[in-house]
Amino acid sequence: MKYKRILLKLSGEALIGDGSYGIDTKVVRYVAEEVKAAVEIGAEIGIVVGGGNIFRGVAGAAQGMERVSADYMGMLATVINSIALQSGLEGENIDTRVQSALQMTQVAEPFIRRRAIRHLEKGRVVIFAGGTGNPYFTTDTTATLRANEIDADIILKATKVDAIYDRDPAKYSDAVKYDSISYMDVLRKDLKVMDAAAISLAKDNSLPIIVFDLFGKGSLVDIIKGKAVGTIVS
């Protein structure tokens with residue numbers, strides 16, 4: 001394996017599947033199968049999932065809701081998605097723990113860095129829920145923060161496109177694909193790969209990011225083995 005310990009970042013919207021809202025159990029099952037294949041070759045996997053399929057704090061604030069309250073609602077949405085993913089993974093016989101930055105001991109462990117690392121060392125998948133526990137921070141920033149805290153080798157950002165392009169390939173047929181790109185170019189070109197705080201935190205800690213297609217079957221294992229998939233930001 002080229003990458004032993006990874007942080008997989010999933011968007012909440014990816015869990016919608018063909019619907020317009022909520023959680024598609026077929027997508028959860030697919031993600032669980034992909035993660036299982038990676039665990040079986042020895043990868044240690046932490047996951048951060050967004051909550052946009054249920055509630056997005058920024059959108060709530062844009063509609064007149066008080067921003068801090070809206071962000072906490074978004075954090076709670078990530079807990080719902082994390083529990084759904086845990087159920088899917090355990091259905092594939094993968095030991096999984098949910099650790100939440102928000103205290104809710106009936107459904108999740110509190111986030112404790114040393115405990116999370118110990119779970120990973122024992123071959124368990126750890127899902128980090130509740131964002132950073134603070135408003136005004138996205139789950140992209142959460143992913144970069146947790147990746148640094150668990151000493152991950154890389155962040156794998158799973159999206160609905162196969163790489164980073166200079167513009168939306170769904171709208172522009174002449175969009176240019178990047179095989180690799182620097183942190184500064186992502187920020188300078190405002191490519192919306194992850195938010196600026198997440199990219200800056202990754203840059204400051206020399207933590208590479210690979211953006212790839214979530215629905216490219218086998219891509220997760222291919223990346224872990226060092227095959228060229230998607231776009232690397234470094």
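## Exercises on a sheet and a helix pair

A158 is buried (under 20% relative accessible area, 1.4 Å probe, protein chains only), with a relative accessible area of 2%. The model is predicted: local features need pLDDT of at least 70, side-chain atom pairs count only at pLDDT 80 or more, and totals for chains, interfaces and linings use all residues. Residues are numbered from 1 along each chain as its sequence is written, and side-chain values use heavy atoms, with hydrogens and water left out.

**Exercise 1.** Place A158 and find which residues it is in contact with, leaving aside neighbours within four places in sequence.

Solution.
- Start with the element: A158 lies in strand β6 (residues 154-159). Strands are DSSP runs of E with at least two residues, helices are runs of H or I with at least four, and both are numbered from the N terminus.
- List the contacts (heavy atoms within 4.5 Å). They are L8, K9, L10, S11, F212 and L214.
- Check one C-alpha distance: A158 and D213 are 5.7 Å apart in space and 55 residues apart in sequence.

**Exercise 2.** Work out the strand order of the open sheet and name its edge strands.

Solution.
- Apply the pairing rule: two strands pair if DSSP finds at least two bridges between them.
- The order of the nine strands is β4-β3-β5-β2-β1-β6-β10-β11-β9, with mixed pairing.
- β4 and β9 (180-181) each pair on one side only, as edge strands.

**Exercise 3.** Trace the pairing around β3 and β5.

Solution.
- Begin with β3 (residues 96-100) and β5 (residues 125-129): five bridges, parallel. V98 has I127 as its bridge partner in β5.
- Go to β4 (residues 109-110): two bridges join it to β3, again parallel. Here Q99 is partnered by E109.
- Turn to β2 (residues 44-49): three bridges join it to β5 in parallel. I47 stands opposite I127.
- Add burial: four of the five residues of β3 are buried, so β3 is largely enclosed by the rest of the structure.

**Exercise 4.** Describe how α5 and α7 cross.

Solution.
- Take the axes, lines fitted to C-alpha atoms over the stretch in contact, with angles from 0 to 180 degrees between N-to-C directions. Those of α5 (residues 139-149) and α7 (residues 196-204) come within 7 Å and cross at roughly 20°.
- Classify: angles under 35 degrees count as roughly parallel. α5 and α7 are therefore roughly parallel to each other.
- Name the contact residues: D140, T141, T144, L145 and N148 of α5 meet A197, A198, L201 and A202 of α7.

Notes:
Angles under 35 degrees count as roughly parallel, over 145 as roughly antiparallel, 65 to 115 as roughly perpendicular and the rest as oblique. Buried means under 20% relative accessible area, exposed over 50%, partly exposed in between (1.4 Å probe, protein chains only).
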